[in-house]
Amino acid sequence: MSRVEEFGSRWGLIIATLGMAVGTGNIWRFPRIAASNGGGSFLVAWVVFLFLWSIPLMIVEFSFGKRTRRGAIGAFVETAGPNFAWMGGFVAICASAIMFYYSVVTGWCFRFLAAAVTGGLKGQGEAEALWNSFAGTPKAIGTHFLALGLGIAVVWFGVRGIERVAKILIPTLAAMVLILAVRAVTLPGASRGLEFLFTPDWQALGSPKIWLEALTQNAWDTGAGWGLILTYAIYMRAREDVALNAFLIGFGNNSMSLLAGIMVLCTVFAINPAAQQDIVGAGNEGLTFIWMPQLFAEMPAGGLFMVLFFGALSFAALTSLIAMLELATRVLIDMGMSRRPALLCAGGAGLVLGMPSALSLDVFKNQDWVWGVGLMLSGLFFAIAASRFGLERLRNDVINGDHSDLRIGRWWVVIVGILVPIEAVTLMVWWLYEARGWDVEGWLDPWQPFSVGTVLMQWAIALILLLLANRWLANRSSAGAAKGAAS
């Protein structure tokens, strides 16, 4: 096999992979979910699943990428066998479908950053008015195109382009979030937010819901099981360690979530503690684009901190979008295409297929619902592929092989072989069961945007097509591997 591109250093790999992992889920979802699940109690369960879901799956992805030097489909063919190309195909489809609407989210962040810079969010109700006049309208198409255009421009220059941009954006993002967190904890009354976030109610941990929400948050904000880490691991240097990288990414990502939680909850408790329930009920978009600007507007020098907030959010969204573009591009490269035509195909698909989410919030939320839960199935497929290859073989030959800085014990075999599949199935069943109780007419109606039926229908279409095309996918991926490795 021809030699692939490589990151210039371990720091380059770590910083780029952190950029992939740290996204809007850290900054807008984590604080809301922590607040709605008891703060400190949720934090305990969330840390537990960092070790029982996120890091074990990250180790799987790093080992697949390092061993095979191929994208999602090719990696599954080489590890689980050619009969399982469809599983890798589902991982690729799930991440790409998320990319189609994630570029819309990135565009929202850009628009609100521009408004914060120009002072357009200072007045009472201005943030809500902007949101209502922008999201789900033709205006959002322009920022959707801008977000994808920037992502394409970075990925155009390959892994070194991704590395160079990450080295600028991620340290800047970390500095912004740290400044915001420090400012939040220095506000009068912020101590109540810290107490809420870091004081667990041990009796509350008897609630299964807290554990399921904590597991879901790990699945959605660390990037484990998405195929994105696998994609970046293709370009890691042969002498770099798999396990240590996974631990660094896991801790780095969750540290960013924790800083975001401190920032948001301390600001809420200091500025308007009575609004806590309203903020929790506002949803991710309501918290980020409506409530936070209102809170910043009441803070001394709030305009500056509002710019930092939306700047951090924009950087986080863009670096994650870049990783999703690279995943889709890499799959097409493995099929025999050269990098730039593959990128233009992936980016073009994103431009067209993301437009419905830009024009309709119902379409956006439907796609987020369908493919967000689909990530649990992707995680399950990674565990199955690793088991098919042989967990002990993977642990001994790749994870603990040459140049291993951190050796992994048999606990990892038990977690990936037994616990991760149980967790994935439990999460899927729980989310689909929860959806039955939502205010939806006909929970099995596939045309209802938030029903169980729409999830099952869209998954079924994807899986049936992938199963029918399995042989072609396996053969095409194998035939294009040598050309893709040289691109």
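## Helices H3 and H18

H3 crosses H18 in a left-handed sense, and the structure you have in front of you is a predicted model. Two packed helices are described by the angle between their axes and the distance between the axes. Here H3 (residues 40-68) and H18 (residues 361-389) pack at about 60 degrees, and their axes are 10 Å apart. That angle makes H3 oblique to H18.

If you would like to find the contact on screen, look on the H3 side for Trp53, Leu57, Val60, Glu61, Phe64 and Arg67. Their partners on H18 are Met376, Gly379, Phe382, Ala385, Ala386 and Phe389. Sorted by class, the residues of this contact are nine nonpolar, one polar and two charged.

## Helices H2 and H12

Next comes the pairing of helix H2 (24-36) with helix H12 (242-271). Their axes are 8 Å apart and make an angle of about 65 degrees. Angles of 65 to 115 degrees count as roughly perpendicular, and H2 and H12 are therefore roughly perpendicular to each other. H2 passes H12 in a right-handed crossing.

From H2, the contact draws on Asn26, Ile27, Phe30, Pro31 and Ala35. H12 meets them with Asn253, Ser257, Leu258, Ala260, Gly261, Met263, Val264 and Leu265. This contact of H2 with H12 has nine nonpolar and four polar residues, and no charged ones.

## Helices H4 and H5

How are H4 and H5 placed relative to each other? They pack at an angle of about 155 degrees, with 7 Å between their axes. That makes H4 roughly antiparallel to H5, and the crossing of these two helices is right-handed.

On H4 the contact is made by Ala72, Ile73, Phe76 and Val77. On H5 (residues 85-117) you will find Ala85, Met87, Gly88, Gly89, Val91 and Ala92. By class, this contact of H4 with H5 holds eight nonpolar residues, two polar ones and no charged residue.

## The buried faces of H9 and H19

An α-helix has 3.6 residues a turn, so residues three or four places apart point the same way. Helix H9 (residues 190-198) is a good place to look at this, with Ala190, Gly193 and Leu197 buried. Viewed down the axis of H9, these buried residues fall within an arc of 55 degrees, so they line one face of the helix. The face of H9 turned away from that buried side carries the exposed residues Ser191 and Glu195. What covers the buried residues of H9? The cover includes H2, H3, helix H8 (158-185) and H12.

Helix H19 (residues 391-399) can be read in a similar way, its buried residues being Leu391, Leu394, Arg395, Val398 and Ile399. Down the axis of H19, the buried residues fall within an arc of 110 degrees, so they too line one face of their helix. These residues of H19 pack against H3, H12, H18 and helix H20 (411-436).

## Two loop residues with positive phi

Most residues other than glycine have a negative phi, and most peptide bonds are trans. Two loop residues are worth a look with that in mind. Arg69 has a positive phi of about 55 degrees although it is not a glycine. Its place is the loop between H3 and helix H4 (72-80). Is Arg69 buried or exposed? With a relative accessible area of 13%, Arg69 is buried.

Ala301 is not a glycine either, and its phi is positive at about 60 degrees. Ala301 sits in the loop between helix H14 (283-297) and helix H15 (302-334). At 51% relative accessibility, Ala301 counts as exposed, since the cut-off for exposed is over 50%.

## Ala135 and a partner far along the chain

Ala135 is found in the loop between helix H6 (126-134) and helix H7 (139-155). Its relative accessible area is 8%, and it is buried. What does Ala135 touch, not counting residues up to four places away in sequence? The answer is Trp108 and Leu361.

The pairing with Leu361 links distant parts of the sequence: Ala135 and Leu361 are 226 residues apart in sequence. In space, the C-alpha atoms of Ala135 and Leu361 are 7.2 Å apart.

Note on methods. Residues are numbered from 1 along each chain as its sequence is written. This is a predicted model: local features need pLDDT of at least 70, side-chain atom pairs count only at pLDDT 80 or more; totals for chains, interfaces and linings use all residues. Side-chain values use heavy atoms; hydrogens and water are left out. Axes are lines fitted to C-alpha atoms, for helices over the stretch in contact, and angles run from 0 to 180 degrees between N-to-C directions. Helices (H or I, at least four residues) and strands (E, at least two) are DSSP runs, numbered from the N terminus. Angles under 35 degrees count as roughly parallel, over 145 as roughly antiparallel, 65 to 115 as roughly perpendicular and the rest as oblique. A crossing is left-handed if the near helix is turned anticlockwise from the far one by less than a right angle, and right-handed if clockwise. Contact means heavy atoms within 4.5 Å. Ala, Val, Leu, Ile, Met, Phe, Trp, Tyr, Cys and Pro count as nonpolar, Asp, Glu, Lys and Arg as charged, and the others, Gly among them, as polar. Buried means under 20% relative accessible area, exposed over 50%, partly exposed in between (1.4 Å probe, protein chains only). The arc is that of the directions from the helix axis to the C-beta atoms.
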